[in-house]
Amino acid sequence: DDKPLALAQARDVLKPGGTLVATTWDSYAPQHLMRDIMRDVLGEEPSPPPCNPHALANEGRFEALVEKAQFVGLDVVRSKYPFDFGDDEELQLRLTMMLVSEQLEELDAWDAALDSFRTHADQ
């Protein structure tokens, strides 16, 4: 949660001249499907997931944090990787819902989520 502290600690443990390699998400393709499933499970509009995969997606945000942590020689490479969840329905559901899996566990709602997944994934 404390990104500046995490970067400062990473800098502190790197050897002089060491390299920090970090990855941030610019988008999460199944996020709309996850929201639709949670709406069905909860019977109302869901709250945002507790972990925001897009927290550093705004252009320049991560770079500013890295520079503030006194890293030098910043090199940013943007890449896109397709999401391929394979053919296993259970795995597809688990990967789609990974940001809210604890909530589904607490609600004992995986069966309801699977029913909704079957409805929405085909759309």
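What volume does the largest pocket have? In this predicted model, the largest pocket comes out at about 1100 Å³.

Let's look at its walls. The largest pocket is lined by 35 residues, and nearest its centre you'll find Ala 22, Thr 23, Thr 24, Phe 62 and Val 77. Helix H3, covering residues 61-68, gives the most to this lining, with 4 residues.

Next comes the second largest pocket, with about 290 Å³ of space. Its lining includes Asp 1 and Lys 3, along with Trp 25, Cys 51, Asn 52 and Leu 99. Thr 23 and Thr 24 are in that lining, and both of them also sit among the residues nearest the centre of the largest pocket. Pro 50 and Pro 53 help line the second largest pocket too, as do Ala 55 and Leu 56.

Here is how the two linings split by class:

| Pocket | Volume | Nonpolar | Polar | Charged |
|---|---|---|---|---|
| Largest | about 1100 Å³ | 16 residues | 11 residues | 8 residues |
| Second largest | about 290 Å³ | 7 residues | 3 residues | 2 residues |

Now for the packing. The largest nonpolar core has 16 residues, and the ones with the most contacts inside it are Ile 37, Leu 93, Met 97, Val 100, Leu 104 and Phe 117. Helix H2 (31-42) and helix H6 (110-121) each chip in at least two residues of this core. Take Leu 93: leaving aside residues up to four places away in sequence, Leu 93 touches Ile 37, Trp 110, Ala 113, Leu 114 and Phe 117. There's also a second, separate core of 8 residues, with Ala 10, Leu 65, Val 66 and Ala 69 among them.

Technical notes
Residues are numbered from 1 along each chain as its sequence is written. This is a predicted model: local features need pLDDT of at least 70, side-chain atom pairs count only at pLDDT 80 or more; totals for chains, interfaces and linings use all residues. Side-chain values use heavy atoms; hydrogens and water are left out. On a 1 Å grid over the protein atoms alone, a cavity is a set of points where a 1.4 Å probe fits but cannot get out, and a pocket is an open set with protein on both sides within 12 Å along at least five of seven lines; lining residues have an atom within 4 Å of a point. Grid points are joined across faces, edges and corners, and a volume is the space filled by probe spheres set on the points. Ala, Val, Leu, Ile, Met, Phe, Trp, Tyr, Cys and Pro count as nonpolar, Asp, Glu, Lys and Arg as charged, and the others, Gly among them, as polar. A nonpolar core is a set of buried Ala, Val, Leu, Ile, Met, Phe, Trp, Tyr and Cys residues joined through side-chain atoms within 4.5 Å. Buried means under 20% relative accessible area, exposed over 50%, partly exposed in between (1.4 Å probe, protein chains only). Contact means heavy atoms within 4.5 Å.
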